[in-house]
Every structure is written in C-alpha cells, then in structure tokens.
Amino acid sequence: MIEFHLDSRSGVAPYQQLIQQVRQALRLGLLCEGDQLPTVKDVVGRLAINPNTVLKAYRELEYGGLVAARPGVGTFVTGTLGGGSIAAHGPLRQDLRRWLAKARRAGLDEESIEALFQTTFRASAEQDIA
Amino acid sequence: MTAAPEAAALEAPALETTGLGKRYGRKWALADCTLAIPAGHVAGLVGPNGAGKSTLLQLAVGLLRPTSGSIQVLGGRPAAGPGELAKVGFVAQDTPVYSALSVREHLRLGAWLNPRWDNALAERRIAALDLDRNQRAGRLSGGQRAQLALTLALAKRPELLILDEPVASLDPLARRDFLRLLMEAVAETGVSVVLSSHLVADLERVCDYLVVLAAAHVQVTGEVEDLLAAHVRLTGPRRDPAQLPAGQHVIEASHTDRQSTLIVRTDGPIHDPAWTVEQLSLEDLVLAYMSQAGRAERVRKASFRTGKSRSGMGVSR
Amino acid sequence: MIQLTWRQIRAQALVAYGLLAVIAVVLAITGPKVAHFYDAYVATCAAHSDCGTVQNAFLHYQHVVQAALGPILLVLPVLFGMFWGAPLIARELETGTFRLAWTQSLTRGRWLAVKLGLLGLAAMAAAGLLSLMVTWWFSPLDRMNLSRLTPGVFDERGIVPIGYAAFAFAFGVTAGVVIRRTVPAMAATIVAYVGARLAATYGIRPYLFAPLRITSALQLGGPNGPSPPGLGAPNPADWVLSSNTINAAGRVIGQNGAINMPGGNQGIGFQSGSNGISLGGVGRCPNIPASAKIRPGSNLGRSGALQTCIDRLGVRQELVYQPISRFWDYQWCELAIFLGAAAVLAAFCLWWVRRRLA
C-alpha cells in the first residue's frame, strides 16, 4: 500500500500530485497489478484534503486505464505503465551519465544543464502531441 | 461521495439565502446577502474579522433571526422544529462546552438530546483522540475541546455541519488533526460542511466551494475549481483597465509607470498576446476580493462624510 | 432532557434535600418533646393555676429550634430563586453554552419547559416538605396562643411556602433571561421577592376578605380601680387588625379604648367648661347640667354620669379582625396568587426565549 504526500508549494494541483504519485509508484514497481490503492477515507484522514480531490484523481486514473474501482471494496491497480520494463533503465542511465559528463566538460553549470534538459524535453513532448 | 451531477442539482441547497440582512442597532452586520451553497460540498466562508461570517452561520442554525430577507437550510427554515434541528450540526466559535460535565457526560448529553445519536461513532472518535472520558470538559485543552465539540456535532449524524472558525485558536498540529477528522467524516458519511475561517491556507486544502464575505456583503461565491479557472493575473505594459474587452472584469489593478498588473475575472480565454497570463492561488483570489471590498467601503464612507459636510454639518478633513 | 437537567442540578439538589433531611431529623427528635411538654403541662395548667408561668416557659422551650425555623423557611424560597432560577438561563448565556444546548435536536421551548417544570417542581416540593414539618412541629405552640394568621407565622405554615418557592424560582429565571447575567439576576430576585412578600402580607392579605368588625361600649374604670380590659376578639387566635375608639359617626378617634387628645396624649379626658362638662376631643356631655364642675374628689365620677355621657355621645370601641376560621381560605388564596404569578412569569420566559433571544 502506498502513502500519499502533498507539496502545497509546488504549484501543481493536489489531484494532479496524487495522480503523479500513483504513476511514479507504478513505474518504480511499488505498485503492481491487483494492489489496492488507499481508500478515500484513509487518504483524507492522513492529508486533510477534500475527498472530492481524491475521487477526481482516482477517476482520472481509471479513465486512463490504470486502475479500476470496485464499489464497496476499493480501487485496484489494473494496468501497468507502458514505457518498457525496468531492464531498459540500465543502458539508458549509462547514456545519460555520459551525456552529463559531456555537458559539464563543455562548461555548463547545474542550472544551465537543467534548463537545457527541461526546454528540450518540453519541446519534444509538444512535437509528439502535435 | 457526491451523487451524479444531475441528481445533485435536484437536492435542496445546503444553505440558501435571499437578500439576507441582520442589523444590531444601527449597524448592519450582514447586508443583502444572496447565495446558494449546494449540498455535498465542503464550503469555505472566508473574510476578515467582523465581516459577518459568524452572523451568517448563527442565522443558519437559528441562533439569530434575520432582520431582512430569508434563509433556508436543507430546504427548510433553520431550527423550525426537532426535525430541522437534528439535520444540522453546529460547532460555535471557541467551542463552548459545559465545564462541569465530563467528556463521558457530554456524550450522554448528545445521546439524550439527539434521536439519531450514533454512540459507537462517538466512542470511537473519543478513543482515537485519546481523550480521558472522565476528564471534566473545563480542563481540556483548546484543541481537545474543539475535537470534543466536533465529535458531538458529528455523532448526531447531521446532513449539514456548520463550523464557526473551528480552528482559529488552535496550534498547527491541533488544526491539522481537526481537519483530518473532519475530512474523514465527510468521506465516510457524505455530510455537507460549511466552515468559516480567516486562514485561507486551511480552506484551500479542504474546500471545494468558496464564499468570500467582506464588509458585511458577499463578494464572490462559486466552486473553487471554477473560480480558479476564471480568475487570472495579467501582467503587461501599462494599460487602462477600462479598455479591457467586455467579459473581463478587473478585480484589482496596480500600476507602475511602465507596467500594469491586473487581477481579472474572465468568461473566456485571454487572447491578447501583450499579457502574461498566470494562474492565481486561492489566497490571491480571496485577497483580491477583500481588498476590492475594502476600497468600496472607504469610498462609501468618504462620500458619506462629504455628504455630511455639504449639508453643513462640519468641516471634513 | 430530564436526565440532563438532573445531572446539571445534581450537586445543588443533593445539598438542598440533604439539608432538608438534617432538619427533618432535628425536628423528629425535638417535635415529640414539644408535644409532650404541651400535653403534660400546658394542657393541664388551668387545673394547676400556673398557666402564666407554664405558658411563658413553653414559649421558650426549644428556643434554638424555634428561632432557627423561622429564618430557614423565610429564606428557602429566595435561595431557590437565586441559585436554581437566576443561573438557569443567564449562565448559559454568559458562558456561551446556549450555542451548544440550542443546536441539539430539541427546540428551545421544550428545553426550557422541561427545565422550568422539573426544577420548579423540585423547589416547590422542598418548600412543601419543610413547611409540612414545621407546621407539625409548631402545632402545640400554635394551639397555645399564637395567632396563625399574623404575619411571620402565617407565611411559615401550611401550603403558602410552596407558592413562595414557585414565585421566587420563576422570577429568578425571568430575571436571568432578561438581564442575561447571573449575579445581577440574583440581586433582582432578592429585591423582587422581598417586595412581593411585603406587598402580599401588608397590602393584600388583610383585605383579601372583608374583615369582621365588632363594637362594644367603652368602659370607664373607677377613679381608684384598674382600667377595664380592652375589647377582645372572640377567639384568642383571631388576627386583630386594629382596635379603635370610634365616635357616633363611626370615625376613628383613638386607639385601644383611649381617645387621641391634643398635645399627643391619649386617654379619656373630661373638661370643665363654661357650659358644663365635655369629653375632650368629642363634645359636650348632654346629660350633665351646664353648671356642673369637676373637682378632685367630687362624686361625679362615682355617679356613673360620666359613663352615661360616654354612651350618649356614642363613643365606642371597635375591633377589626380576621377570624382564625379563615386560615385555610387565606392559605389557598395566597397560594393561588403566588402560583398564578409564577405561571405568568414562566409563560413570559418561554415567549421571550423563543421570540426575543434571536
């Protein structure tokens, strides 16, 4: 069972944060198919947020095919996140390390590296959508 | 928790007022208040001290009678009879309890005076809160008293819970505990909530409906989601707010010699490329409306004063 | 609601009824002694010709208890008013607990009605019990000579204390509702209670029923003898309101068989004048010749002519009194008055709480 947390200063809507945390957990293998998500009551009892927020997040996850609600029982994980298995992470991580070393040798500082990554990432994501 | 939208629209609003006003002597604590808070929501009533929040809530539970206008709670007149009283739970400001009675005796008070009393729920809450049942209520801390008062209100199984500044005098930990308990109850029972506060940060977490009250008048009401979507901050080169297209209403404007920053309520998306459009936090939105109300109040008072001086009643300024 | 009311008043009720129990024990012990004293000595005093001393002794028998009972019964009703009545609503308003009490599932009217009814009945019952015990305890003494209708005795017997308690309690609640603060409400209750009791005792009670009047001739004593006794009521226990000397027209000209004279004196004064003897303050004696004079030692006094003068001038004694046979009429009337006032106050409270306190 995962536990949610909220970052009230991140500027991201609470229900979005919950969705992101479920997806992250799925990616990292903390949640597997068949696992139950915390009940709405448990989540709001821990975080002191409006139950509608949790319901909205769970509804969107269900709409995305990742979870399914069973009335009277709870909400359960039904799908996995595409994007390859954990096995693909290894070589990708190595490539990334090499690229970072190259960037540092080129003289970029931490902030510039991050800005470069963010802008390129967003631009390519928009291209994919368009 | 909520029914499908169509069904919810048919349910009577949790709290509905039409031109509601309350006057003490010559001062209007609440004036011309018209709103309709739908059921199945956690509604936040926010405003500065003395804005009329307490007055509105006490009118809703029948502790006060309106001077003008009308108010309906769950479709009926407040405190009209035992049935109406049983449907609404109330926690007053600074949570009064009988200091001579113990915690256990307060629960018995609830059982004796409420036909729908859920004793199991009450006992569970008290146990979870780690309250000593034999402790006299007068010796409880502020946070414990607030939790006891909330338990009493919840265990009578109301359809609507009205809380008057329940966390105002609590420390941050007690405040968080109170809200957690409250949200659990909402998730479990689907009870509608109207709570007032002058701390917007708390409301942002728990409320999905907002009412801003300032200078005894309602400034804005609506679903939090809709309000946040409809209000934006525009930053751009200096511009006269009156030149904005129709459908965009300025709430607050501040200018430097080069730049204008406007808080705007808009019916549709902003197309003008000269503006940088930013989302607002709930706190920014509330503050904008409160300062608008403050300005309107000052203008009203100034015109009242100049009106007086014109009639020869004295030199103003 | 009943259980809640009991729980909230529990401590005070236990004190009140506990004290009542203590008093009952004291009275149970001393009462039979009083009865025995009466039976043994006072009832037989005529046979032993020592009535004066025996009665005097009886009046002081158990004088501690005697002296204590009066004030207790006097003060008990106003204590109920102050400590049960005044805080009933005022305390809830002061501490804000009315915001808890009036948002449960019962209406304000019912809440108040139950409290008024329960506490009012409890106060009335306590007052009634105490009065019953005191009446029983005092009955031998009352039999002896005390008029049970006189103020100070009447209101500590029988059933009127029930009415006093009800009124004081109801007024206390009303004061608390209107003034909204406990201590001023307590003060107002004391003032109102004292005022009401004084008004009832001296302003209403004597005139509730038309008093009876009897008249008789005014007797002159002999020049060397003692004055004859004044007019007495038919029953020694009757409540004498006034004993006056009246003239032929019925106007009061003096008290207790004497005539008010100029200079502030009282007495029966015959004066010699140019046209005979006149009775001071009344008029000329019609049966005495104009040339008569009074001299010390003259035999006019012995002749009875002065007595005839008095009779002919129509000067008589008049006694205004209430007969003791009306004792229970009075009790029921006064009880009804105070209970009626209490009911009016209670209705007012209910109305005020429901209509005005919002």
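Start with the largest cavity, in which about 110 Å³ of space lies, and keep in mind throughout the tour that the model on your screen is a predicted one. The structure holds three cavities of 30 Å³ or more, and to find the largest of them you can select Pro78(B), Ala79(B), Glu84(B), Leu85(B) and Val88(B), which lie nearest its centre among the 13 residues that line it. Rolling a probe the size of a water molecule over the atoms shows where empty space is left. If you now colour the lining by residue type, you will find eight nonpolar, two polar and three charged residues. Which helix gives the largest share of this lining? Select residues 82-87 of chain B, because this is helix α3, and three residues of the lining come from it.

Next, widen the view to chain B as a whole, whose C-alpha trace spans about 65 × 50 × 40 Å along its principal axes. In a cartoon display, its secondary structure comes to ten helices and 13 strands. Of the 317 residues in chain B, 46% are buried.

With chain B still in view, turn to the charged side chains. Side chains of opposite charge can pair when their charged atoms come close. Over all chains, a search of the whole structure finds 23 salt bridges, and the next stops visit some of them.

Select Arg133(B) and Glu123(B), which form a salt bridge whose closest N and O atoms are 3.1 Å apart. Arg133(B) sits in the loop between α5 (119-128) and α6 (142-155) of chain B, while Glu123(B) belongs to helix α5 of chain B, so the pair ties together parts that are ten residues apart in sequence. Are these two residues buried, partly exposed or exposed? Arg133(B) is partly exposed, with a relative accessible area of 29%, and Glu123(B) is partly exposed as well, with a relative accessible area of 26%.

Now move to Glu184(B) and Arg125(B), whose side chains meet in a salt bridge with a distance of 3.4 Å from N to O. This pair links distant parts of the chain, for Glu184(B) lies in helix α7 (residues 172-189) of chain B and Arg125(B) in helix α5 of chain B, 59 residues apart. Glu184(B) is partly exposed, with a relative accessible area of 22%, whereas Arg125(B) has a relative accessible area of 9% and is therefore buried, since buried means under 20%. To see what surrounds this pair, add Lys41(A), Arg124(B) and Glu188(B) to the selection, and you will have a network of salt bridges that links these residues with Arg125(B) and Glu184(B).

For another salt bridge, select Arg300(B) and Glu297(B), whose side chains meet at 3.2 Å, N to O. Both residues lie in helix α10 (residues 282-310) of chain B, and because they are three residues apart there, they are separated by about one helical turn. Glu297(B) counts as partly exposed, at 22% relative accessibility.

Before leaving chain B, look at the backbone of two aspartates. Asp32(B), in strand β2 (residues 27-37) of chain B, has a phi near 50°, which is a positive value in a residue other than glycine. Asp32(B) is also exposed, with a relative accessible area of 57%. The other residue to select is Asp94(B), which has a positive phi of about 45° although it is not a glycine, and which is placed in the loop between β5 (88-91) and α4 (103-113) of chain B.

Finally, go over to chain A and show its surface. Select Leu96(A), Trp99(A), Leu116(A), Phe117(A) and Phe121(A), which form a nonpolar patch with about 490 Å² of accessible area together. The elements that give two or more residues to this patch are α4 (89-105) and α5 (110-129) of chain A, and α5(A) supplies the largest share, three residues. Phe121(A), which lies in helix α5 of chain A, counts as partly exposed at 48% relative accessibility.

The last stop is Thr80(A), found in the loop between β2 (74-77) and α4 of chain A. Thr80(A) counts as exposed, because its relative accessibility of 59% is over 50%. If you also select Leu28(A), you can compare two kinds of separation, as Thr80(A) and Leu28(A) are 52 residues apart in sequence and 11 Å apart in space, from C-alpha to C-alpha.

Note on methods. Residues numbered from 1 in each chain as written. Chains lettered and ligands numbered in written order. Predicted model: local features only at pLDDT ≥ 70, side-chain atom pairs only at ≥ 80, totals over all residues. Heavy atoms only, no water. Patch = residues over 30% accessible without salt bridge, like charges linked within 9 Å, V, L, I, M, F, W, Y side chains within 5 Å. Areas by Shrake-Rupley, 256 points an atom, 1.4 Å probe, with all protein chains shown as cover. Salt bridge = Lys/Arg side-chain N within 4 Å of Asp/Glu carboxyl O. Helix = DSSP H or I, 4+ residues; strand = E, 2+ residues; numbered from the N terminus. Buried < 20%, exposed > 50% of the residue type's maximum accessible area, 1.4 Å probe, protein only. 1 Å grid on protein atoms, 1.4 Å probe; cavity = no way out; pocket = protein on both sides within 12 Å on 5 of 7 lines; lining within 4 Å. Points joined across faces, edges and corners; volume = space filled by probe spheres on them. Nonpolar A, V, L, I, M, F, W, Y, C, P; charged D, E, K, R; others polar.
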